[in-house]
Amino acid sequence: MKHDHNNSCTNVDIYKYSSDKSTKEVLSFKEKLQNGTYIIKSFPCPICNNANQWCPLLFAAEGFRWSICRQCGLFQVDHRLTQSNLNEFYESGEYTEICTAGLAGETRFMRNKKSASTFIGVLMNLGYDFSQLKILDIGCGAGGILLAMKELGATVQGYDLDPQKIQYGRNFLQEIEVGDALAFDKDISQYNFILLTNVLEHLFSPMEFLVKLNKRILNYSTQVFIDVPNLEGMHDYSHNAANNHLLEFVHIGHLWYFTSVSLERLLNQAGFQVNYIHNRGVAMTVLCSKSKNVINNNSNSFILSLSSIDYANYKFNTKQNKDSSIAVNC
Ligand SMILES: [Zn+2]
């Protein structure tokens with residue numbers, strides 16, 4: 001095992017997912033970093049507010065840094081774009097080009113709709129009948145997941161901040177709107193499930209968002225259905241089989257890399273109780289609801305985060321018969 005933080009193998013190529021590195025979005029992103037329009041700063045941990053107890057693991061030449069918080073164990077991009085920069089990163093289309101290889105709308109919609117089968121399976125296994133369900137999707141994209149659930153009889157409603165995605169999705173279903181679901185004066189407690197799939201890991205302030213969501217839910221029966229990338233299953237990730245799993249797993253659009261332990265602590269602190277965790281490899285589904293009592297959760301996921309990364313190193317090195325470990329000598 002290599003134990004050198006300056007080792008070149010800990011450098012992340014933040015453009016690794018871009019299929020074309022000369023698009024106007026990629027070039028404009030580079031320009032903004034160079035001319036100071038985009039600023040990278042260090043931020044405290046959203047779960048425990050730690051600002052100086054870090055175990056840094058990965059760096060990018062542009063200044064981004066990925067570290068594990070020593071106090072709660074959340075692996076995160078602790079050196080990152082400011083909130084307004086991050087908003088611009090999404091609204092300008094730079095995120096789509098840099099982090100998702102600019103997948104065409106139709107391809108993404110079909111993938112999205114296909115991924116619904118996993119979520120539908122989770123709820124069906126728990127005995128839910130879709131014809132009886134009212135479902136709200138926050139960050140619904142073009143609504144592919146909602147369409148699949150609607151086809152099973154569910155009553156659905158979705159919101160997304162991206163007008164292009166909503167416009168595209170309207171070709172398939174009408175129950176989607178541009179906007180912030182929480183800003184609308186609606187009774188969100190009427191829904192059986194509130195979907196937050198591939199949302200939490202992108203939010204600048206996940207705690208602030210979850211606290212706000214919790215306040216808007218007025219009962220204990222509405223469940224929040226969360227799906228996020230799963231650091232514990234990262235050893236299964238193989239976007240590019242020739243590279244180390246961790247280097248492939250991270251990108252600058254994903255700010256938080258949860259384990260079941262760190263996600264539960266975040267949810268408990270925001271006023272939720274976890275009802276169900278489905279650890280399904282590189283992603284994890286969690287169902288939670290508003291908690292009647294305050295849950296004090298001081299669990300530290302540090303060892304779990306470290307060992308998940310170490311195991312991915314081990315598995316990769318065994319498979320490739322070579323050593324390209326990420327330094328984890330924290
Ligand atoms: Zn922390």
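This note walks through one sheet of a predicted model, strand by strand.

1. **The sheet as a whole.** Seven strands make up an open sheet. Their order is β7-β6-β5-β8-β9-β12-β11. The pairing is mixed. β7 (176–178) and β11 (272–279) are the edge strands. Each has a single partner strand, so one side of each lacks a neighbour in the sheet. From one strand to the next, the twist averages 20°.

2. **β5 and β6.** Strand β5 (residues 134–138) runs parallel to β6, and five bridges link them. For a landmark, find Ile135: its bridge partner in β6 is Val156. Between these two strands the chain passes through helix α5 (residues 144–151). That β-α-β crossover is right-handed.

3. **Burial of β6.** How many residues of strand β6 (residues 155–160) are buried? Five of the six are, so the strand is largely enclosed by the rest of the structure. The cut-off for buried is 20 or more other C-beta atoms within 10 Å of the residue's own.

4. **β6 to β7.** β6 also pairs with the edge strand β7, in parallel, through three bridges. Here Gly158 has Ile176 of β7 as its bridge partner. Helix α6 (residues 163–169) joins β6 and β7 in a β-α-β unit, and this unit is right-handed.

5. **β8 and β9.** Strand β8 (residues 193–197) and strand β9 (residues 223–229) run parallel. Five bridges hold this pairing. To locate the register, start at Leu195: Phe225 in β9 is its bridge partner.

6. **β9 and β12.** Which way do β9 and strand β12 (residues 283–290) run, parallel or antiparallel? They are antiparallel, with seven bridges between them. Val228 sits opposite Met284 of β12.

7. **β12 and the edge strand β11.** β11 and β12 are antiparallel as well, and seven bridges connect them. Gln273 is matched with Ser289 in β12 as its bridge partner. The two strands form a hairpin with three residues between them. In this hairpin, Gly281 takes a positive phi near 85°.

8. **Points to check on screen.** Begin at the β7 edge, where β6 is joined by three bridges. Then follow the strand order through β5, β8, β9 and β12 to β11. Along that path, the pairing of β8 with β9 is parallel, whereas that of β9 with β12 is antiparallel. Finish at the β11–β12 hairpin and inspect the backbone at Gly281, with its positive phi.

Terms used. Residues are numbered from 1 along each chain as its sequence is written. This is a predicted model: local features need pLDDT of at least 70, side-chain atom pairs count only at pLDDT 80 or more; totals for chains, interfaces and linings use all residues. Two strands pair if DSSP finds at least two bridges between them. Helices (H or I, at least four residues) and strands (E, at least two) are DSSP runs, numbered from the N terminus. Axes are lines fitted to C-alpha atoms, for helices over the stretch in contact, and angles run from 0 to 180 degrees between N-to-C directions. A residue is buried if 20 or more other C-beta atoms lie within 10 Å of its own, exposed if 12 or fewer, and partly exposed in between; C-beta atoms are placed from the backbone. A crossover is right-handed if, with the strands pointing away from the viewer, the path from the first strand over the helix to the second runs clockwise.
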